[in-house]
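Please open the structure in your viewer and keep the selection panel at hand. The stops below suggest what to select next and say what is to be found there.

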Amino acid sequence: MADWTSLLSGLNTTVLSAFGREVTYSPSTGEAIAINAIVETARETEDTAPGVYALIFLRLGDLPRSPERGDEVAMDGLSYKVFDIEADGGGGALLRLRQM
(Lines give C-alpha, C1' and ligand atoms only; values in the text may rest on other atoms or scores of the structure.)
Protein backbone atom coordinates (compact mmCIF):
# COMPACT_ATOMS: atom_id res chain seq x y z
CA MET A 1 0.00 0.00 0.00
CA ALA A 2 1.30 3.45 -0.92
CA ASP A 3 1.83 6.13 1.69
CA TRP A 4 -0.13 9.40 1.76
CA THR A 5 2.73 11.51 0.37
CA SER A 6 3.17 9.36 -2.73
CA LEU A 7 -0.61 9.21 -3.30
CA LEU A 8 -0.85 13.01 -3.07
CA SER A 9 2.13 13.44 -5.40
CA GLY A 10 0.49 11.15 -7.95
CA LEU A 11 -2.77 13.09 -7.67
CA ASN A 12 -0.92 16.40 -8.20
CA THR A 13 0.70 15.02 -11.37
CA THR A 14 -2.60 13.71 -12.73
CA VAL A 15 -4.51 16.92 -12.03
CA LEU A 16 -1.77 19.07 -13.62
CA SER A 17 -1.79 16.83 -16.71
CA ALA A 18 -5.55 17.19 -17.06
CA PHE A 19 -6.07 20.86 -16.19
CA GLY A 20 -2.66 22.55 -16.33
CA ARG A 21 -1.32 24.91 -18.95
CA GLU A 22 2.05 26.41 -19.67
CA VAL A 23 3.19 29.53 -17.81
CA THR A 24 6.61 31.17 -17.59
CA TYR A 25 8.16 31.11 -14.12
CA SER A 26 11.03 33.52 -13.42
CA PRO A 27 12.82 33.05 -10.11
CA SER A 28 14.41 36.16 -8.62
CA THR A 29 17.79 34.62 -9.46
CA GLY A 30 18.27 32.35 -12.44
CA GLU A 31 16.70 31.67 -15.79
CA ALA A 32 13.00 31.80 -16.63
CA ILE A 33 11.45 28.40 -17.37
CA ALA A 34 8.19 27.13 -18.84
CA ILE A 35 6.20 25.00 -16.39
CA ASN A 36 2.76 23.42 -16.28
CA ALA A 37 0.37 25.00 -13.75
CA ILE A 38 -3.32 25.22 -13.00
CA VAL A 39 -4.29 28.89 -13.24
CA GLU A 40 -7.16 30.78 -11.65
CA THR A 41 -7.05 34.46 -12.63
CA ALA A 42 -9.04 37.39 -11.25
CA ARG A 43 -9.54 35.44 -8.07
CA GLU A 44 -10.45 38.32 -5.77
CA THR A 45 -10.28 42.07 -5.74
CA GLU A 46 -8.09 43.93 -3.30
CA ASP A 47 -8.27 47.42 -1.88
CA THR A 48 -4.82 48.31 -3.25
CA ALA A 49 -3.78 48.76 -6.89
CA PRO A 50 -3.67 46.97 -9.25
CA GLY A 51 -6.50 45.33 -7.35
CA VAL A 52 -6.55 41.73 -8.63
CA TYR A 53 -4.62 38.64 -7.77
CA ALA A 54 -4.40 35.18 -9.29
CA LEU A 55 -3.59 31.69 -8.05
CA ILE A 56 -1.49 29.00 -9.64
CA PHE A 57 -0.96 25.41 -8.54
CA LEU A 58 2.27 23.70 -9.56
CA ARG A 59 4.61 20.85 -8.67
CA LEU A 60 7.59 22.06 -6.65
CA GLY A 61 9.76 19.51 -8.47
CA ASP A 62 9.17 21.39 -11.74
CA LEU A 63 11.01 24.45 -10.38
CA PRO A 64 14.80 24.80 -10.27
CA ARG A 65 14.54 25.83 -6.59
CA SER A 66 11.85 26.51 -4.01
CA PRO A 67 9.55 29.43 -4.89
CA GLU A 68 10.08 32.69 -3.05
CA ARG A 69 8.11 35.88 -2.61
CA GLY A 70 9.03 38.24 -5.42
CA ASP A 71 9.46 35.54 -8.09
CA GLU A 72 7.54 36.35 -11.27
CA VAL A 73 5.02 34.44 -13.38
CA ALA A 74 3.97 35.45 -16.91
CA MET A 75 0.78 34.22 -18.58
CA ASP A 76 -1.74 35.56 -21.05
CA GLY A 77 0.45 38.60 -21.73
CA LEU A 78 0.39 39.68 -18.06
CA SER A 79 3.08 39.56 -15.40
CA TYR A 80 2.53 38.68 -11.75
CA LYS A 81 4.67 38.61 -8.61
CA VAL A 82 4.47 35.82 -6.04
CA PHE A 83 3.30 37.19 -2.68
CA ASP A 84 2.27 34.02 -0.83
CA ILE A 85 3.24 30.34 -1.00
CA GLU A 86 1.28 27.41 0.44
CA ALA A 87 2.86 23.97 -0.03
CA ASP A 88 0.94 20.72 0.30
CA GLY A 89 2.46 17.55 1.68
CA GLY A 90 2.79 15.86 -1.72
CA GLY A 91 5.20 18.14 -3.55
CA GLY A 92 2.65 20.67 -4.84
CA ALA A 93 2.22 24.33 -4.01
CA LEU A 94 -0.41 27.03 -4.38
CA LEU A 95 1.12 30.40 -5.22
CA ARG A 96 -0.80 33.64 -4.81
CA LEU A 97 0.19 36.23 -7.40
CA ARG A 98 -0.31 39.98 -7.65
CA GLN A 99 -0.59 41.50 -11.08
CA MET A 100 2.30 43.89 -11.80
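Select Asp-71 and Arg-65 together in this predicted model: the side chain of Asp-71 makes a polar contact with the side chain of Arg-65, at 3.4 Å. Keep Asp-71 selected and add Glu-68, whose backbone nitrogen lies 3.0 Å from a polar atom of the Asp-71 side chain. Asp-71 itself is found in the loop between E3 and strand E4, the latter spanning 72-75. Is Asp-71 buried or exposed? With a relative accessible area of 0%, which is under the 20% limit, Asp-71 counts as buried.

Now show the surroundings of Asp-71. Leaving aside residues up to four places away in sequence, Asp-71 touches Tyr-25, Ser-26, Pro-27 and Ser-28, as well as Arg-65 and Ser-66, and also Tyr-80, Lys-81 and Val-82.

From there, select Thr-29, which lies in the loop between strand E1 (21-26) and strand E2 (33-45). The C-alpha atoms of Thr-29 and Asp-71 are separated by 8.5 Å, although the two residues are 42 residues apart along the chain. In contrast to the buried Asp-71, Thr-29 is exposed, with a relative accessible area of 56%.

Next, follow the strands that come after Asp-71. E4 and E5 pair in the antiparallel sense over four bridges, and one place to look is Ala-74, whose bridge partner in E5 is Ser-79. The hairpin of E4 and E5 has two residues between the strands, and Asp-76 in this hairpin takes a positive phi near 55 degrees.

Move on to E5 and strand E6 (residues 92-99), which pair in the antiparallel sense over seven bridges. Among the positions to select, Asp-84 has Arg-96 as its bridge partner in E6, and Glu-86 has Leu-94 as its bridge partner in E6. E5 and E6 form a hairpin with four residues between them, and Gly-91 in the turn has a positive phi of about 90 degrees.

Stay with E5 and display the rings. How many aromatic pairs are there? The count comes to one aromatic pair. The rings of Tyr-53 and Phe-83 have their centres 5.5 Å apart and their planes at 90 degrees, so the pair is edge-to-face. Because Tyr-53 lies in strand E3 (residues 52-59) and Phe-83 in strand E5 (residues 78-87), the pair ties together parts that are 30 residues apart in sequence. Tyr-53 is buried, at 11% relative accessible area, whereas Phe-83, at 22% relative accessibility, counts as partly exposed. Add Arg-98 to the selection as well, since Arg-98 lies over the face of Phe-83, at 4.0 Å from the ring centre.

Finally, zoom out to the whole chain. Its secondary structure comes to one helix and six strands, which follow the pattern α-β-β-β-β-β-β when read along the sequence. Buried residues make up 28% of the 100 residues in the chain. Of the contacts in the chain with a separation of 6 or more, 46% are accounted for by residues 24 or more positions apart.

For a last view, colour the chain by pLDDT. The chain averages a pLDDT of 86, and 87% of the residues score at least 70. Among the elements of the chain, helix H1 (residues 4-19) has the lowest mean pLDDT, 82, and E1 has the highest, 97.

Key
Residues are numbered from 1 along each chain as its sequence is written. This is a predicted model: local features need pLDDT of at least 70, side-chain atom pairs count only at pLDDT 80 or more; totals for chains, interfaces and linings use all residues. Side-chain values use heavy atoms; hydrogens and water are left out. Rings of Phe, Tyr and Trp (its six-membered ring) pair if their centres lie within 6.5 Å; planes under 30 degrees apart count as stacked, over 60 as edge-to-face and the rest as tilted. Buried means under 20% relative accessible area, exposed over 50%, partly exposed in between (1.4 Å probe, protein chains only). A charge sits over a ring if NZ of Lys or CZ of Arg is within 6 Å of the ring centre and within 35 degrees of the ring normal. A polar contact is a pair of N or O atoms within 3.5 Å; within protein, one must be able to donate a hydrogen and the other to accept it, and residues adjacent in sequence count only if both atoms are side-chain atoms. Contact means heavy atoms within 4.5 Å. pLDDT is the predictor's confidence in each residue, from 0 to 100. Two strands pair if DSSP finds at least two bridges between them.
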